[in-house]
Amino acid sequence: MPDVIGNKATERISRRVLLPLIIAAVVVFVAFWTIGFNISLGDGSTYSTPLLTDVLLAFIYIVCCLAVVTMFVGMVSGWRKRSRDRGIVNGIPSRLIGWSVAVGLLFILVLTFIFGSSEPIRSNGRLFDSWFWLRTSDMFVNSSLLLMLVAVLLIGWGKVKRFRKK
């Protein structure tokens with residue numbers, strides 16, 4: 001019975017956090033696009049400097065920091081809980097699955113960093129030529145695309161597997 005109560009509490013907390021987060025994101029993005037978005041640089045160029053860029057960046061940094069803190073809190077509580085159940089929950093090797101996901105993600109990040117492009121790019125009239133940051137940004141873009149592809153393939157495989165059982 002404690003698991004059911006714990007799951008309900010977790011679900012309630014999730015709802016109470018998710019709704020304000022979505023509302024805040026919508027308000028920040030709508031404000032960014034509607035308040036002073038088309039302010040030009042004034043030097044005759046076609047580039048613009050949106051007024052609320054700093055607000056948008058601060059919001060993104062805050063959400064990312066909160067996500068990292070939440071991840072670490074979840075990891076610590078998960079480790080404490082798994083140390084009591086020896087890594088097996090309802091016959092499922094949760095510790096093995098967790099480590100496999102972590103090592104797999106690290107492998108994908110390292111692989112996409114190694115094969116990432118370090119070609120200098122020009123954006124908004126400015127040259128970006130730092131090989132580390134170019135490869136890092138390429139790593140995150142390519143890793144995201146690869147993980148989305150893997151997710152779609154696994155969802156399809158699960159649907160096919162369920163269809164075959166019927």
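**Close-up views of a predicted model**

**View 1. Serine 130, in the loop between strand 4 and helix 4.** This is a predicted model, and here we look at the loop that joins strand 4 (126–128) to helix 4 (131–165), where serine 130 sits. Is serine 130 buried, exposed or partly exposed? Its relative accessibility is 34%, so serine 130 counts as partly exposed. Look for proline 120 as well: it is ten residues from serine 130 along the chain, and the two C-alpha atoms are 7.4 Å apart.

**View 2. The whole chain, for orientation.** Pull back for a moment and you can count four helices and four strands in the protein chain. Going along the sequence, they come in the order α-α-β-β-α-β-β-α. Of the 166 residues in the chain, 10% are buried.

**View 3. Helix 3 and its two faces.** Start with the length of helix 3: its 21 residues, at 1.5 Å a residue, should span 30 Å, and the C-alpha atoms at its ends are indeed 30 Å apart. Which residues of helix 3 are buried? They are Ser94, Ile108 and Thr112. Looking down the axis of helix 3, you find these buried residues within an arc of 55 degrees, so they line one face of the helix. Turned away from that buried side is a face with the exposed residues Leu96, Trp99, Val103, Leu106 and Phe107.

**View 4. A nonpolar patch on the surface.** Eight names to find here: Val68, Met71, Phe72, Met75, Val76, Trp79, Trp99 and Val103 make up the patch, and together they have about 780 Å² of accessible area. Helix 2 (53–85) and helix 3 (94–114) each put in at least two residues. Which helix gives the most to the patch? That would be helix 2, with six residues. Trp99 and Val103 should look familiar, as they are among the exposed residues on the face of helix 3 turned away from its buried side.

**View 5. Valine 68, one member of the patch.** Zoom in on valine 68, which is found in helix 2. With a relative accessible area of 41%, valine 68 is partly exposed.

**View 6. Cysteine 64 and cysteine 65, with no disulfide.** If you go hunting for disulfides, a search of the whole structure turns up zero. Cysteine 64 is in none, and the nearest cysteine sulfur to it, in cysteine 65, is 7.0 Å away. Why is there no bond from cysteine 65? The closest cysteine sulfur to its own is that of cysteine 64, and 7.0 Å is too far for a bond, because a disulfide needs the two sulfur atoms within 2.5 Å. As for its surroundings, cysteine 64 is partly exposed, at 44% relative accessible area.

Technical notes. Residues numbered from 1 in each chain as written. Predicted model: local features only at pLDDT ≥ 70, side-chain atom pairs only at ≥ 80, totals over all residues. Heavy atoms only, no water. Buried < 20%, exposed > 50% of the residue type's maximum accessible area, 1.4 Å probe, protein only. Patch = residues over 30% accessible without salt bridge, like charges linked within 9 Å, V, L, I, M, F, W, Y side chains within 5 Å. Areas by Shrake-Rupley, 256 points an atom, 1.4 Å probe, with all protein chains shown as cover. Salt bridge = Lys/Arg side-chain N within 4 Å of Asp/Glu carboxyl O. Expected span 1.5 Å × (residues − 1). Arc of directions from axis to C-beta.
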